[in-house]
Amino acid sequence: MTNPLTFAVPKGRILDEALPVMARAGVVPADAFHDKKDRSLSFATTREDMRLIRVRAFDVATFVAHGAAQVGIVGSDVIEEFDYSDLYAPVDLDIGHCHLSVAEPKEGAESIDGASHIRVATKYPNITRRHFEAQGIQAECVKLNGAMELAPSLGLAGRIVDLVSTGATLKQNGLVEKDKIVEITARLIVNRAALKTDARVAALVEAFRANAARDAV
Ligand SMILES: Nc1ncnc2c1ncn2[C@@H]1O[C@H](COP(=O)(O)OP(=O)(O)OP(=O)(O)O)[C@@H](O)[C@H]1O
Ligand SMILES: O=P(O)(O)OC[C@H]1O[C@H](OP(=O)(O)OP(=O)(O)O)[C@H](O)[C@@H]1O
């Protein structure tokens, strides 16, 4: 048999929305994938030549960029943060809608006007630095992996850059959105070399693209 294809999916919140989109493109995990007690990280699919791996959202991009997985699904936030040249994101899946924003305390935020240097807590230091650089401000980023919203009230940083969907998390933690950086959706990603050398990867891109187009009608 030819080498199996490896398809990487994030284990977080995109997964539930991604599974029906994947099924329409013919990617269906075996039953063990849904068994919460199963500790496997790699799963068979209904296609004999494809397996799924379930990894953290940021790691989906790393596996695919290095060719350890040929295909994956990940938020555009992760793609922009890494900016891997070996990654190609050909299909917007129209799921995982949210946006990345700068937020600061509702009361008593330090003014940014005239500042040349600020401190920002975020999971996205590269996007954050680029965003503030464009305004002539040097952003010193404190890297956190979650619960960014705690940082201003505890004196870790004056503001945060984080994902916002309903806005409930910001509100319940005394923060307000100041500046929207970019809209986010989940994308199909492929390894560029695999796309060129393996016809099954190109066929998968077409299958996802056909479904995205059908959904948009
Ligand atoms: N509130 C949200 N609404 C919609 N989509 C979101 C929201 N938060 C995150 N996402 C999307 O889901 C992706 C995964 O986010 P999730 O919160 O599940 O991962 P995580 O738990 O932060 O990551 P990790 O797997 O490293 O723990 C993000 O990269 C983003 O594209
Ligand atoms: O605007 P809202 O609808 O409130 O959503 C925003 C929250 O969702 C994400 O976190 P998530 O719930 O995934 O938790 P985590 O970052 O701790 O993994 C994000 O980091 C925000 O904290």
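Colleague: Happy to look at this predicted model with you! In which order do the strands of the open sheet of 6 run?

Modeller: Strands here are DSSP runs of E with at least two residues, helices are runs of H or I with at least four, and both are numbered from the N terminus. Two strands pair if DSSP finds at least two bridges between them. The pairing is mixed, and the order is β2-β3-β1-β4-β11-β5.

Colleague: Which are the edge strands?

Modeller: An edge strand of this sheet pairs on one side only. That description fits β2 (42-44) and β5 (87-92).

Colleague: And what is the bridge partner of Gly75 in β11?

Modeller: Strands β4 (residues 71-75) and β11 (residues 186-191) run antiparallel, joined by 5 bridges. Gly75 has as its partner Ala186.

Colleague: Which residues are closest to ligand 1?

Modeller: A residue is near a molecule if its C-beta atom, placed from the backbone, lies within 6 Å of it. The shell has 18 residues, and α2 (57-65) and α3 (76-82) are the elements that give two or more. The closest are Gly12, Arg56, Gly75, Cys98 and Ser165.

Colleague: Why does ligand 1 lie between two domains?

Modeller: The domain bounds come from an automatic or database domain assignment. Ligand 1 lies there because its shell takes residues from both domain 1 (5-96 + 185-216) and domain 2 (98-183).

Colleague: Any notes on numbering and confidence?

Modeller: Residues count from 1 along each chain as written, while chains are lettered from A and ligands numbered from 1 in written order. Local features need pLDDT of at least 70 and side-chain atom pairs 80 or more, whereas totals for chains, interfaces and linings use all residues.
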